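This report describes selected features of strand pairing, burial and charged contacts. The sequence and the structure are shown first.

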Amino acid sequence: MQDQLHRAEARGAANHGWLQSHHSFSFASYYNPQRMGFGVLRVINDDIVAPSMGFPTHPHQNMEIISVPLEGALKHKDTMGNDFVIRKGEVQAMSAGTGIAHSEYNHSSAEDVNFLQIWVLPKANDIAPNYSQKEFSPEGRAGKFQLVVSPDGSENSVQINQDAFFSLVDLSSGNSLEYKKYREENGIYFFLLDGEIKINNSVLKTRDALATLRKEQITLQAIQDCGLLIMEIPMLEN
């Protein structure tokens, strides 16, 4: 597999009334044997939660969980004592390790919250649970790659227990960039937040995704103003 294009409309969909969700990979009642994940990337849920509603306290173990708010604010509380609100422009990461329980609720009583819930398999199991949350400036991703998730917290990113590197970039129409991998053996999952972009020979529109194992530099060309989430992750051994 070189490049594999995943169209937004091909994602799984769930309507729970208070929750509207689109699943990039098999999750809950959505099962697609062709979409079981990509490398250590296991879940990308594009969730819209109604005002004052949310996910009650529930447990996780041995999973890296990253939340990226796209609109609105999310109220987080967990068994480590963390009690925070995360907003658009911030990224939250949890290493569940030996076990953690948490809740996520829409912090607003009037407006929806839209966020990406991303799960990544850990590098090591049964570590001590960990939580981090940071704000990232729009200027830091305007026409350049802004590292937001890494294995060592470099460039003020949030840290996870995996050799994965997540970056955000905002590109203006007509502009282009070359993406170079942090680790040659990693795969990349490009997820277009909005706009339109050409990656290699594929054109992506809002919420489309492209999975690639290419080892060379990859060209990103903005067709329209766009925002892109880049998830560079280890692949699993066969």
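## Pairing around strand β21

Lys198 stands opposite Gln221, a residue of β21. The model in which this pairing appears is predicted. Lys198 belongs to the strand β18 (residues 196–199), which is joined to β21 (residues 218–222) by three bridges, the two strands running antiparallel. β21 also pairs with β16 in the antiparallel sense, here over four bridges. Within β21, Thr219 is the bridge partner of Glu178.

These strands belong to an open sheet of four, in the order β16-β21-β18-β19, with antiparallel pairing. Its edges are β16 (176–179) and β19 (202–205), each of which pairs on one side only. On average, neighbouring strands of the sheet are turned by 25° against each other, direction ignored. The two faces of β21 are unlike in cover: Ile218, Leu220 and Ala222 form the covered face, whereas Thr219 and Gln221 form the uncovered one.

## Surroundings of Ser132

Ser132 is located in strand β12 (residues 130–135). Its relative accessible area is 14%, so Ser132 falls under the 20% limit and is buried. When neighbours within four places in sequence are left aside, Ser132 is in contact with Val91, Gln92, Ala93, Val158 and Gln159.

## Salt bridges

Side chains of opposite charge can pair when their charged atoms come close. The structure holds ten salt bridges. One of them links Asp208 with Arg7, with 2.6 Å between the closest N and O atoms. Asp208 lies in the loop between β19 and β20 (209–212), and Arg7 in the loop between β1 (3–6) and β2 (12–15); the pair therefore ties together parts that are 201 residues apart in sequence. Asp208 is buried, at a relative accessible area of 3%, while Arg7 is partly exposed at 32%.

A further salt bridge joins the side chains of Asp46 and Arg11, at 3.2 Å from N to O. Because Asp46 lies in strand β4 (residues 41–49) and Arg11 in the loop between β1 and β2, this pair ties together parts that are 35 residues apart in sequence. Both partners are buried: Asp46 has a relative accessibility of 6%, and Arg11 has a relative accessible area of 13%.

## A partly exposed pair and a network

Asp83 forms a salt bridge with Lys75, and their closest N and O atoms are 2.6 Å apart. Asp83 is partly exposed, with 38% relative accessibility, and Lys75 is likewise partly exposed, with 28%. Elsewhere, Asp3, Arg214 and Glu216 are joined into one network by salt bridges that share partners.

Terms used: Residues numbered from 1 in each chain as written. Predicted model: local features only at pLDDT ≥ 70, side-chain atom pairs only at ≥ 80, totals over all residues. Heavy atoms only, no water. Pairing = 2+ DSSP bridges. Axes fitted to C-alpha atoms, helices over the stretch in contact; angles between N-to-C directions. Buried < 20%, exposed > 50% of the residue type's maximum accessible area, 1.4 Å probe, protein only. Contact = heavy atoms within 4.5 Å. Salt bridge = Lys/Arg side-chain N within 4 Å of Asp/Glu carboxyl O.
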